[in-house]
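Got the viewer open? Let's take a short walk through this model, one selection at a time.

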Amino acid sequence: MAAAALLLVAALVALGSGHGGEAFDPNPLQDFCVADSTSKVRVNGLSCKDPAAVVSDNFFFAGADKLHDTTSERYGYSALTVQIPGLNTQGQRYARIDLAPGAIFPPHYHPRAAETALVLEGSVYFGFVSSYPDNKLFAKVLSKGDVFAVPQGLMHFLYNNGTAPTALYASLTSQDPGLVLLADALFAGTLPDDLLAKTLLTDKHTVDNIRANFRPS
Ligand SMILES: *[C@@H]1O[C@H](CO)[C@@H](O)[C@H](O)[C@H]1NC(C)=O
């Protein structure tokens, strides 16, 4: 029992330090680790299916040609996560994003991933902002076939300011990129109003007005 516990601690230490100073997902030491969502044992998120039971469909996803997932009522975008169990531990994540005319994917960042996005349909104003103190905007109006890249951790946004629906295919360089929506991080949580007012160089009344739009309905 003690030996088993020691082994577990050693394994956890190895997992934590195995990728040295790198900020990216660790490299797998096996061909694949198809996620077994039925297992209760979890290593880096999910356990591996028995390799002998792995089939081609574990590396396959159908239906990325249409959107059929969550839609943001506030912002008018839809996101479809491309679920491929065989990508478990591969340090990648993919999504189809749809934006109705006028819709935005508001300023946000992924703490653990760089992102590239390919425009499948329509056009979109896509950009990111470099870190403090430059806060420089890098942005392009993209159309079908264009690809734009966002470095890891930088704030970016999408805005369909055209008249036709937009669809994009986004690739992220982590299995768990994380998502910080800046407006939600500030207003949807429980940061004190007076702290927020000081942060935004404004008054509590203005903060309350904005905050009212971010209360869960
Ligand atoms: C969308 O916004 C960008 C940036 O302001 C601008 O360059 C572009 O012309 C706009 N597109 C349309 C269709 O208005």
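Strands here are DSSP runs of E, at least two residues long, numbered from the N terminus. Keep in mind that this is a predicted model.

**Stop one: the sheet.** Select β3, β4, β5, β12, β7 and β10. These six strands form an open sheet in just that order, with antiparallel pairing. β3 (70-71) and β10 (147-150) stand at the edges with a single partner strand each, so one side of each has no neighbour in the sheet. As background, strands of a sheet pair through backbone hydrogen bonds.

**Stop two: a strand pair.** Now select residues 93-99, which are β5, and residues 166-172, which are β12; the two run antiparallel and are joined over seven bridges. Click on alanine 95 and look across: its bridge partner in β12 is alanine 170.

**Stop three: the loop between β4 and β5.** β4 covers 77-81, and threonine 89 sits in the loop that follows it, between β4 and β5. Is threonine 89 buried or exposed? With a relative accessible area of 18%, threonine 89 is buried, because the cut-off for buried is under 20%. Check its backbone too: phi is positive, about 70 degrees, though threonine 89 is not a glycine. Most residues other than glycine have a negative phi.

**Stop four: the loop between β8 and β9.** Go to proline 133, in the loop between β8 (123-129) and β9 (137-143). A cis peptide bond links tyrosine 132 to proline 133, with omega about 10 degrees. Most peptide bonds are trans. Asparagine 135 lies in the loop between β8 and β9 as well. Its phi is positive, near 50 degrees, and asparagine 135 is partly exposed at 44% relative accessibility.

Note on methods: Residues numbered from 1 in each chain as written. Predicted model: local features only at pLDDT ≥ 70, side-chain atom pairs only at ≥ 80, totals over all residues. Heavy atoms only, no water. Pairing = 2+ DSSP bridges. Helix = DSSP H or I, 4+ residues; strand = E, 2+ residues; numbered from the N terminus. Buried < 20%, exposed > 50% of the residue type's maximum accessible area, 1.4 Å probe, protein only.
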